[in-house]
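Reader: I'd like a close look at just one part, please: aromatic ring pairs and whatever sheet goes with them. Keep it chatty, but give me the cut-offs.

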Amino acid sequence: MKTPTTAKMAKKHQQWQMVIAGRDTDSKCAYSSALILLIVMVIIERDEENYKRFGSPIDERDLIYFLQKQITPNFTDFYGQEYCAAVSLNDGTILPCVVFRHKRKMIDLIYGELHKKRLSRGVTNDRPHDREFVQKNIIEHHLVAENIVRFNDEIIKVEKCKFAMPEEILKKINGEPAHFFLAKFKDGSYENFRIGEGPFYEVPIDKELEGITEVFNSTLMLQNGEIISIEKLADWKTHEADLKKIHCSKPYFACYVGHSDYNDLAENIENVKERWT
């Protein structure tokens with residue numbers, strides 16, 4: 001899908017955004033099935049006319065509003081609410097796996113780590129680590145732990161992500177004792193997966209991750225259909241040649257949005273909704 005470039009397309013795009021947001025109540029608006037499909041896939045896209053005048057990307061308040069209307073968020077104890085999506089950048093690059101997280105949550109996490117008392121546990125005593133050493137290591141960890149996409153000047157389109165594992169499935173996945181799981185789909189078929197740190201996974205051919213109905217942890221399937229238990233991480237090597245394909249987690253980028261005045265995305269979204277309605 002190409003970004004509209006003419007004034008006519010830009011005007012039509014504004015109408016599409018109003019339909020997505022539930023704000024267009026004109027019953028005379030009749031769109032083709034192709035347009036309906038576009039509305040389902042594209043959550044929000046940069047307004048071309050506005051971009052030509054001001055050189056601005058997507059408005060962050062619009063993004064937050066559309067995310068909560070079009071994507072079911074995942075909740076993690078560490079990051080709080082997060083939204084999985086695919087995005088297009090202003091240089092034409094497409095990032096299929098991006099997770100939107102709240103800025104305040106990450107600020108609080110880093111601040112908490114910097115001010116936590118760190119101890120070096122010995123046989124006879126607990127000695128505090130050198131503060132400068134600890135803080136530098138924490139900062140370095142957060143600098144390299146995640147890839148960050150700059151929302152304010154790079155993103156021009158946001159779409160649903162087919163690689164995002166549903167939250168109800170993520171909650172069933174357990175990495176102990178081995179980092180593998182077998183997933184059963186609605187059609188009765190099974191697929192092997194290896195657990196990763198993020199919420200994104202490879203999608204088996206002709207399937208959707210939303211079609212997973214059951215998860216069997218530390219379990220894999222052989223090519224002949226036999227199901228085996230994996231007692232420890234290295235056990236898979238014994239059956240490596242006979243295993244059905246293992247689908248791995250996918251790398252992803254993180255984009256932090258929101259405002260430090262709000263505790264998390266849920267609170268930020270409520271504020272945005274109040275301004276829209």
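Author: Let's fix the pairing rule before anything else: rings of Phe, Tyr and Trp (its six-membered ring) pair if their centres lie within 6.5 Å, and planes under 30 degrees apart count as stacked, over 60 as edge-to-face and the rest as tilted. Bear in mind that this is a predicted model, so local features need pLDDT of at least 70 and side-chain atom pairs count only at pLDDT 80 or more, while totals for chains, interfaces and linings use all residues. Residues are numbered from 1 along each chain as its sequence is written, and side-chain values use heavy atoms, with hydrogens and water left out.

By that rule you get seven aromatic pairs in the structure. Take Phe 193 and Tyr 201: their ring centres are 6.1 Å apart and the planes sit at 80°, so this pair is edge-to-face. Burial here means under 20% relative accessible area, with exposed over 50% and partly exposed in between (1.4 Å probe, protein chains only). Phe 193 comes out buried at 0%, and Tyr 201 is buried too, at 1%. Throw in Phe 181, and ring pairs link Phe 181, Phe 193 and Tyr 201 into a cluster.

Another pair is Phe 200 with Tyr 252, whose ring centres are 5.6 Å apart with planes at 40°, so they count as tilted. This one ties together distant parts of the chain: Phe 200 is in the loop between β10 and β11, Tyr 252 in the loop between β14 and β15, 52 residues away. Both of these residues are buried.

Now for the sheet. Strands (E, at least two residues) and helices (H or I, at least four) are DSSP runs numbered from the N terminus, and two strands pair if DSSP finds at least two bridges between them. Four strands make an open sheet in the order β11-β9-β10-β14, with mixed pairing. At its edges you'll find β11 (212–217) and β14 (246–247), each with a single partner strand, so one side of each has no neighbour in the sheet.

Strands β9 (residues 180–185) and β10 (residues 190–194) run antiparallel, joined by five bridges. Lys 184 faces Tyr 190 in β10. Four residues lie between the strands of this hairpin, and Gly 188 takes a positive phi near 90° there. On to β10 and β14: these run parallel, with two bridges, and Asn 192 stands opposite Ile 246 in β14.
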